[in-house]
Amino acid sequence: MTESIAANPDRLLPADPGTRAIARELLADVENLPIISPHGHVPAEMLAEDTPFPDPTALLVSPDHYVTRLIHANGTPLDQLRVGGTAEVDSRTAWRKFAEAWPLFDGTASGYWLRSEFEHVFGLSAETVDSFGVDTADSVYDAIAGKLAEPSFRPRQLFKDFGIEVLATTDDPLDSLEAHTLRAKDETFAGRVLPTFRPDPYLNIAHPEWAERVDRITAEAGDGVEGYAGYLRALENRRRYFVERGAVSADHGVRTPLTLKLERPEAEALFAKARRGEATAADRDAFEGHMMYEMARMSVEDGLVMTVHPGSFRNHHTATFEKFGADTGHDIPFAIGYTEGIRPLLQDFGTAKGFHLVLFTLDETVFSRELAPLAGFYPSVYVGAPWWFLDAPDSIQRFRSAVTETTGFTRTSGFIDDTRAFCSIPARHNMSRRVDASFLARLVAEHRITESRAHEIIRDLVDGSPRRVFKL
Amino acid sequence: MTESIAANPDRLLPADPGTRAIARELLADVENLPIISPHGHVPAEMLAEDTPFPDPTALLVSPDHYVTRLIHANGTPLDQLRVGGTAEVDSRTAWRKFAEAWPLFDGTASGYWLRSEFEHVFGLSAETVDSFGVDTADSVYDAIAGKLAEPSFRPRQLFKDFGIEVLATTDDPLDSLEAHTLRAKDETFAGRVLPTFRPDPYLNIAHPEWAERVDRITAEAGDGVEGYAGYLRALENRRRYFVERGAVSADHGVRTPLTLKLERPEAEALFAKARRGEATAADRDAFEGHMMYEMARMSVEDGLVMTVHPGSFRNHHTATFEKFGADTGHDIPFAIGYTEGIRPLLQDFGTAKGFHLVLFTLDETVFSRELAPLAGFYPSVYVGAPWWFLDAPDSIQRFRSAVTETTGFTRTSGFIDDTRAFCSIPARHNMSRRVDASFLARLVAEHRITESRAHEIIRDLVDGSPRRVFKL
Amino acid sequence: MTESIAANPDRLLPADPGTRAIARELLADVENLPIISPHGHVPAEMLAEDTPFPDPTALLVSPDHYVTRLIHANGTPLDQLRVGGTAEVDSRTAWRKFAEAWPLFDGTASGYWLRSEFEHVFGLSAETVDSFGVDTADSVYDAIAGKLAEPSFRPRQLFKDFGIEVLATTDDPLDSLEAHTLRAKDETFAGRVLPTFRPDPYLNIAHPEWAERVDRITAEAGDGVEGYAGYLRALENRRRYFVERGAVSADHGVRTPLTLKLERPEAEALFAKARRGEATAADRDAFEGHMMYEMARMSVEDGLVMTVHPGSFRNHHTATFEKFGADTGHDIPFAIGYTEGIRPLLQDFGTAKGFHLVLFTLDETVFSRELAPLAGFYPSVYVGAPWWFLDAPDSIQRFRSAVTETTGFTRTSGFIDDTRAFCSIPARHNMSRRVDASFLARLVAEHRITESRAHEIIRDLVDGSPRRVFKL
C-alpha cells in the first residue's frame, strides 16, 4: 500500500480527532497566505540572474549540510557527496549514495522537507518516493533533472509559484548588493528580495581574515578616518548603505550571548591589541561582546532589526573543516545563558523606542527560563523562532509550550526558515503553519483560548508577527 | 458565538475523550476541597482590617507584575499603569490601557487567572469577557467597581466564599505580627492566617539596608548580646516569636542554591568584614550560603519548614527599578544547579528528624536531573511545586512528567500559589487540581496506575501533601 | 474492582484510540523478539553457578537502590531494609517495611517493574498486587519465596524463559572471567553471557584503591614493564583478555565528559605525581580525561565499543556511604556539556573506522542540544538510550522527541537495561518496546512516517540497533 505523506491534508496535525478538526479549520485560514521569509541564506544572485538550477545533487544534496552530515554519520565520506566543491565522484554517483541513505532520514526534519519537495515541487508520486533507494536512484535523478531543465523551474518562476512575498538574503557588509539592485530594476519580477547586514568576520577578532576585513571596510567606507573610529564609522556607513537598499535587519552569529559596554579608551586599546595580533581568547569574547553593544546602539539609530544567533561551536571537527570548509555539518550547540550576558545591552537599549532585538537559541532550556521572561518585559526583545536543529514539528511544539504561558503569542518573531535550500521554503513555512495550528487547536480543545481568538492569533503569527517584528 | 472558558467544566482537561472522562471523575473528588495555601504574599492587614478593595486597577492591574510586565513589553510605560505608586494617570485611564492590551494575555497563565476572576469572582458574562477591550473598558471597570463596593466583596467574606482554610502570609522578621493576632482574636472569622518568617534582607549583605536591619534585630531581639553571636541569637528569637504566633515555615529568596558551613571564626570574620562595608560579591554569596546552613540548623531545632527560592536575577533593568521599585516585572531566571550547592546543608541535616526542606526552581532542567533524585533519597527534601513563571498548565504537566517516574507523588510539596493577587487564589488552586487530574488520568489511561489509586493520589496531592509537608 | 496493570495488553500505549491501534500493530512485531542486553550489572556467577535466588527481600528489595532510596526518603533507615549487608532485622521484617511503602512507588519506573515482576514472573494476581500492603506482606512473601524454591526459578531457566539471547555483565579488568568461561563450557545453556571491561578504579586517581590497583594490574599484565608505560600495556593486555573471552564493550563511569590529549611526558608526570599521592582535584579530572582519550585509542585498535556514563555525583551523603557503601541511592546527577569536553577525543577518533562511542547522559538537556548533533555527524558516535533515572516511559518519549528530528532512529544505541535486578529485565525491555511503538505510532498518526516504514524501524530499534552498535 502506498502512503502519501506530503500530500496528506492532515499531515503534522494532532491525532486526536476533535483537536485535529479544530486544527484543520485554523490551518485553512493561513495555509495559502504569502510566504514572508525575513531571514535566510538563499543567494541574491540566483534570483538576479535567474539561472536554471544545476543537477539534482548540486541542488538537493551537496550544499545541504543537514542532509550530508547524516549520510556522513552513516559512514560515507563527504567527498562521495561532492561536499565543499569536491568532485571525486560525479553527480549521479553521489545521488546514488543519497538514495541508499534515504531511510536514515525517517523521522527527521530534513526527511520531511525532502519528501515534501519530491512530491510537491517535483511532482513525484508517493509510490516513487516510498520506493526511493538504490534501485530507483537513477530514474528519480532523471525525473528531477528533467524538471530542472523546464523554464517553469527557473528560480523566479518558482519564487512566484511558491507564493513568496518577501525573501531576505544574508550578505557581507562590503557586498555591493548589485544583485539586489538588478532584481529591483526588473519590472517583470514582483518579489521583494532584501539584503541583510551580517558583519561576523568584521567583529570577531579570531576570524582569520579579521585584520584584512577591517582594513578593507575602513578603506572603503571609513570616510578617511583611521583606527577604531574609522572602523566604527565604516560599519555605520555600510549599515546605511544596506538600509538604503531595503535591508531591514542585521544578523549576528556570535559565540555566546555576552554583551559588554567598554569605555572608549578601553575599546580602542583592545582594538589596537587585536590589530597587533596579540589578542587572547578572553579579548576575543570581550571585543565581540562590546561590538554587540555597538551594533545595538547603531540599530537604535538606523532602525535595523538586530538578530542574534549564539551558542554554536562552529567547525567542531578540524580535519573536516580543513578539507571541506565551513557549514559542513559539524557545528555543535552548547549551553548558553542570556540573563546575565545580554544585560549590559538591555540596560541601555532594552526600552529604546523602535529598537527590535530578536534572540535565538539552540539551547532549548533558555526558552522558558530566560527568553520568555525577557521578551515578557523588554519592549525591544522578541523570542526568535526555533532555529536550525529546532525548526521541526516536535521542537516547535516544545517551544510554544515553553514560552506561551509566560509571554503569549505576540512576543515571538514569526517563523524563520534560515535556509539555503530554496526548494524547501514552501514546505518549511507550511510545516510551521501546521504546527502552530496544532498547538492552538490543543489550547482551544482544552478551553484555554476561544476558537475565534485562535483564528485571529494564527493569522497574526503567520502574517502579522513577521511584518511587525521585522518592520516590513 | 460566545465561548465561555472559565465556566467550562472541562477547561484544562485533556482533549482525548477517554482520558477526559477519567480526569473529570478525579477532579470531582477534589474540586471543592478547602484551599490550603502555605506560601503566598497576601498582606495580613487586608484580612485583619477587612477594608474594602480599592478600585479595579489597584486590585487587578498595578500591583500584579505578571500583568504589567507584558503590557510594558508591548510599549506602554509602567507609569501609565500606576505601577509602584506612580499616579500620572487616573485608575480608569490605566484600566483602559489594560483593556487595550487584553489580547496580549491569550494563552498566558495571567490571562487564565484574569478571565477566571472576571467570570467567577465578578460574575461577568462570557460575552462581556470575550468583547473586553477599549470599547467596553469603562463598563467593565464600573461593573467590577460596583461589586467591590458590596459588603460581600470584603476580604474576609471572600476568604470564606473562596473556601480558604489556611493562608500563609510572608513577613519581615521584625514584624510584630499584630495583624495576625488581631485576626486570631476575631471570633467571627474562622480562617487560619499564618505568618511566614522571611529574613532575606537580614542575610544578604549586599542588601542596601542590611547593616541597619542587623542593628535593629540585634537590638530588639539579641538578648543584649552583640556582634555575630547577638545576630544569630536575634534570628533564633524572632523565629521562635513567629512559631508562637502560628508560623509553620521560613522562606528564603536566595540568589543561588549554594550552601556553606563556615567555621565559627570564619563566619565571625566575614560578618565583621560585611559590617565594615568591605565585603565582595564572593563574600556575599559565601555569607548567604553559610546563613542557609544556619537557617537549616535553626529549622531542625524549632521545626519551621525551610523553603528555598533561588535562581532569579532580581531587578534586571536598573532604570525601571530606580523609578518603580522592586517586583515590577524584570526578575529574570537563570540556570542553577542544586546537586553540589545544597550538599553541605544536606550532609548535616538531610536526614535530620522532622526537618522539612522544600526546594523550588525556575530552571526546569533541575526537576528531573536533581530535585527528583534528591527528594527520592533525603527524607528532608521535597520538590517544590512549579513556581512563578512555571505555575501554569503546560509547565505543571512538564513538572509532573519530569519528577514522577523518579520520585512518585509523595515527595512533592503540594500546590503553592505564591500570589499577591488575592482574587486569583481560587482560580490558581482550581487550575492545579485540574492539571493534576489530567496528568493522573493519562497514567490511568495508559494503564500505569489503577483508577482507584489515582483517586487516592489526587486527594493526597490536594489535601494531604500540603498538610504533611507544611506540618499543618 | 480489581485492575490488572501489568497484564493489560495496552499498558503504556497512547490513550488516543487511533494512535493506540497503530501502536498495537507495531508492538506485535517485536514484543516477542529475543532480549539483547549489551550493558547491565547481573553477576556472571549467578548464571555460572545457577544457584537458587535467596529470599524475596534479598532478591527484590535490599540490593535495588532505586527501591530502597524512596523508602528511605519516606523515613525508614536503610538498615531496616538490610541494605549494604546490614542485618538489624530479618528478611521478613524488611519485606513488611517494603509492603508498607508500596504506595510510594505509584507512577514510578520502579513501581512499574515491581508490579510487572509480581504479575508476570511470580504469577501473583492483580487482586493480590492491588491489595499489597502490611496486611498481606507475609502471604506475598511466602508466595514469592515458594516460587524461588522451585527449579523453574533457577537463574538459567529464567534466562531461557525470559527469552534472553545476549546478556553483558560488567567486570573488573583483573577479573579472571572464570564464571563466563564456566558458563561457556556448559552445553546445556545456550545463552550468550559476555563480559564488559570496566576500568573506573584504575583510571580515577581519586579512587581510594587506585595506587593498589595500578600496582596489581601492572604486576599481573604489564609484561614486566614498569611505571606509566607498564600501566598502559597492562590495560591493553587486559582489554585483549576480555576481547578473547567475548567482551564487546568497555564501559566508563566518569565524573564529567571531559577528554584530554596529554603529551607523553605530561601524562607520565601526572601519573608519577598521582603515584606520590600529590594529585589535586584538577589533576584527577585531567588524568581521567586523558585516560578517556587513551581508552578511545585502544578501542580503535581492539574494537571494543566505548560507552561513557558521566554526570553523576556519586555518594552524595557521606554518612550513608560510610555506613552502607556505594550504590545506596544517593548518586545525584548534575549538568554536563559534551560539546567542548568530548572534542579532543573526537578530533582524533571521531571518524576512525569501526570505532563505536556510545554517549549517555543523566542531563536530558544534552539530548537535543549536543548528542543528536554529534551523532548526526560523527560516524563513531551513538546516542545512548535514556539511562538510570531516565529509563522510564515519559522520559523515553522525551528522549525520542528530542533526538529524532535531528538524528533519526539509526544513531541511537538501542535499549540498555543497565540493571542489577535480573527479574526486571523482561519488563524493562518490554517497556522500551511499548514506548518506541507509541512514539512511532504518533509519527504515523501525524503522517510523518509511513506505517510500513514504522514497522521496519521498530524491528531495527529492538533487534538491529543493539547488534549493530555493540557489534553482536
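Visitor: Which residues is C:Thr68 in contact with, leaving aside its neighbours within four places in sequence?

Guide: Its partners are C:Val61, C:Ser62, C:Leu78, C:Leu81 and C:Val83. They are called contacts because contact means heavy atoms within 4.5 Å. This is a predicted model, in which local features need pLDDT of at least 70 and side-chain atom pairs count only at pLDDT 80 or more, while totals for chains, interfaces and linings use all residues. Residues are numbered from 1 along each chain as its sequence is written, chains are lettered from A and ligands numbered from 1 in the order in which they are written, and side-chain values use heavy atoms, with hydrogens and water left out.

Visitor: Why is C:Thr68 called buried?

Guide: Its relative accessible area is 1%. The word "buried" is used under 20% relative accessible area, "exposed" over 50% and "partly exposed" in between, with a 1.4 Å probe and protein chains only. C:Thr68 therefore counts as buried.

Visitor: Where in chain C does C:Thr68 lie?

Guide: C:Thr68 belongs to helix α4, residues 65–73 of chain C. Helices are DSSP runs of H or I with at least four residues, strands are runs of E with at least two, and both are numbered from the N terminus. As a general point, an α-helix has 3.6 residues a turn, so residues three or four places apart point the same way.

Visitor: What makes α18(B) largely enclosed by the rest of the structure?

Guide: Take the count: 11 of the 11 residues of α18(B) are buried, so the helix is largely enclosed. Among them are B:Phe367, B:Arg369, B:Glu370 and B:Pro373.

Visitor: How do you know which domains chain A has?

Guide: The bounds come from an automatic or database domain assignment. That assignment gives domain 1 as 53–153 and domain 2 as 157–469. Their C-alpha centres lie 29 Å apart. Domain 1 of chain A puts 22 residues into the contact, and domain 2 of chain A puts in 23.

Visitor: How much area do domain 1 and domain 2 of chain A bury between them?

Guide: The figure is about 1,900 Å², with 70% of it on carbon and sulfur atoms. Buried area is the accessible area (1.4 Å probe) that two parts lose on being put together, summed over both. On the side of domain 1 of chain A, A:His65, A:Tyr66 and A:Trp113 supply 33% of the area buried against domain 2 of chain A, more than any other three residues.

Visitor: What makes A:Lys323 and A:Asp79 a salt bridge?

Guide: The rule asks for a side-chain nitrogen of Lys or Arg within 4 Å of a carboxyl oxygen of Asp or Glu. In this pair the closest N and O atoms are 3.2 Å apart, so the rule is met. One salt bridge is found across this domain interface.

Visitor: How many residue pairs in polar contact are there between chain A and chain B?

Guide: There are 25, with both residues at pLDDT 80 or more. A polar contact is a pair of N or O atoms within 3.5 Å; within protein, one must be able to donate a hydrogen and the other to accept it, and residues adjacent in sequence count only if both atoms are side-chain atoms. On the side of chain A that touches chain B, α18(A) gives the largest share, eight residues.

Visitor: How are the residues on that side of chain A divided by class?

Guide: There are 15 nonpolar, 16 polar and 12 charged residues. Here Ala, Val, Leu, Ile, Met, Phe, Trp, Tyr, Cys and Pro count as nonpolar, Asp, Glu, Lys and Arg as charged, and the others, Gly among them, as polar. The contact takes 43 residues from chain A and 50 residues from chain B. About 3,700 Å² is buried between the two chains, and carbon and sulfur atoms give 53% of that.

Visitor: How many salt bridges join chain A and chain B?

Guide: Four are found across the interface. One salt bridge pairs B:Asp394 with A:Arg448, where the closest N and O atoms are 2.8 Å apart.

Visitor: What is found between chain B and chain C?

Guide: The count is four salt bridges. C:Asp394 and B:Arg442 meet in a salt bridge at 2.7 Å, N to O. Chain B and chain C bury about 3,800 Å² between them, and 42 residues of chain B are in contact with 50 residues of chain C.
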